[in-house]
Amino acid sequence: MTKGDRIGAAAVAILLFLALIPLVLHGVRSNPAVRGGLALSEDLPQQVPPGVTLAIGDPMTQQVLAYTGWERELPFTVRWANITGGPATTEAFHARAIDVGSGANIPPIRAIWVGIPVKIIAVRLRQQPLLHPIYVLGVAPKADVKTLADLRGKRIAFSPGQAQGVVVLRALHAAGLTPADVTLVDLPTTRINNYNGALGAGIVDVAPIASGALAARYLAEWGSSGGTVIDHGAFRDDPDVLYVRTETLQNPAKAAALQAYVRMWARVAAWRDAHPDEWARLYYVKFLGLSPDAAWAEVKRAGHADIPHDWSWMVGYQQETIDLLAKETGRHSFDAEHLFDRRFESVATDGFANYTTPAMQGKSRLNHQENGAL
């Protein structure tokens with residue numbers, strides 16, 4: 001081939017490429033699975049097409065679905081990720097390693113602040129939350145803290161991107177104190193019991209720790225040396241959510257699959273309420289390796305689920321939390337409504353109602369109304 005022939009062939013190839021660009025763009029625009037294919041203002045698709053896969057970090061639900069066989073009823077394929085906790089979920093979202101994360105109400109707020117657009121698609125609360133707190137305050141053996149007022153001047157473990165961080169801020173508020181009255185020690189809970197170790201070693205004086213088996217373990221290990229736990233104050237710490245990257249909701253196939261998962265997630269919550277003994281053995285004994293007594297303590301501390309049919313209270317709760325964190329950590333506040341995809345507002349309620357009795361449904365709604373205050 002001569003030099004002229006080569007130049008001519010290259011020119012033809014370029015012209016063909018330019019001619020194909022409109023066709024490629026048309027394909028992108030017309031393909032509903034392409035990011036941006038479903039506006040957040042459009043109705044959610046109801047049919048899950050074949051071949052959809054969701055990567056989900058939700059070990060609690062995973063265990064129940066495997067145990068009951070309900071995973072086979074999902075109209076999509078699940079790729080499970082053993083991911084829990086705000087920092088790990090945020091990292092997984094950043095890497096686009098998962099589609100769905102589960103956790104407390106703080107990680108979605110944190111995700112927005114670190115530049116990851118997310119939406120909450122399911123909300124679960126606890127009935128009688130003040131009687132079933134998720135956290136207590138662990139006190140180091142030599143810290144001499146008996147009441148919230150004694151927090152003044154103490155070193156307190158603080159993780160602003162996790163629910164534990166808000167527990168600390170609310171506890172200070174309940175005591176009439178501010179962060180300036182204490183020393184906040186930046187210490188994320190990267191492992192399930194690292195706050196216990198920090199308390200026992202005297203690295204901090206006070207830390208928020210889980211109120212069930214973890215608190216019992218702390219007292220068993222350090223109680224004889226003077227370690228104690230106290231209530232964190234009269235505020236609720238129970239919101240639990242499912243959240244996703246906003247771009248996942250723009251994929252109509254995945255948006256349809258997410259509806260099916262939220263319904264199943266709520267069904268699992270109802271199953272856990274109805275089968276406390278099985279749940280204790282399945283998750284806490286078999287999966288986490290706790291003793292039967294410790295497992296039962298975890299189930300008791302959780303109480304019963306409350307799946308709200310109206311998210312208005314939750315939006316207000318998130319707004320107050322956003323404002324509190326923004327004020328104390330130097331972040332910019334934002335409108336909490338942007339965190340919620342309210343197209344999903346009734347999806348979990350339907351899944352919960354389909355598994356529970358009318359009496360259980362009524363009790364859930366009644367307690368949610370009674371305990372709506374912070």
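Helices here are DSSP runs of at least four residues, numbered from the N terminus. With that in hand, let's look inside this predicted model and then at a pair of its helices.

**Two cavities**

The structure contains two cavities of 30 Å³ or more. Here they are side by side:

| Cavity | Volume | Residues from helix 5 | Lining by class |
|---|---|---|---|
| Largest | about 90 Å³ | four residues | eight nonpolar, two polar, three charged |
| Second largest | about 30 Å³ | three residues | seven nonpolar, no polar, no charged |

Start with the largest cavity, which 13 residues line. Nearest its centre you will find Asn105, Ala163, Val166, Asp237 and Tyr317. Two elements, helix 5 (163-174) and helix 12 (312-329), each give two or more residues to this lining, and helix 5 gives the most.

Now move to the second largest cavity. Its lining is made of Leu137, Leu151, Ile156, Val168, Ala171, Leu172 and Val206. Helix 5 again supplies the largest share of this lining.

**Two helices that meet**

How do helix 10 and helix 11 pack? Helix 10 (residues 276-287) and helix 11 (residues 292-302) lie at an angle of about 115°, and their axes are 9 Å apart. The crossing of helix 10 past helix 11 is right-handed.

To find the contact in the structure, look on helix 10 for Pro276, Asp277, Trp279, Ala280, Tyr284 and Val285. Their partners on helix 11 are Pro292, Ala295, Trp296, Glu298 and Val299. By class, this contact has nine nonpolar, no polar and two charged residues.

Note on methods
Residues numbered from 1 in each chain as written. Predicted model: local features only at pLDDT ≥ 70, side-chain atom pairs only at ≥ 80, totals over all residues. Heavy atoms only, no water. Axes fitted to C-alpha atoms, helices over the stretch in contact; angles between N-to-C directions. Left-handed = near helix turned anticlockwise from the far one by under 90°. Contact = heavy atoms within 4.5 Å. Nonpolar A, V, L, I, M, F, W, Y, C, P; charged D, E, K, R; others polar. 1 Å grid on protein atoms, 1.4 Å probe; cavity = no way out; pocket = protein on both sides within 12 Å on 5 of 7 lines; lining within 4 Å. Points joined across faces, edges and corners; volume = space filled by probe spheres on them.
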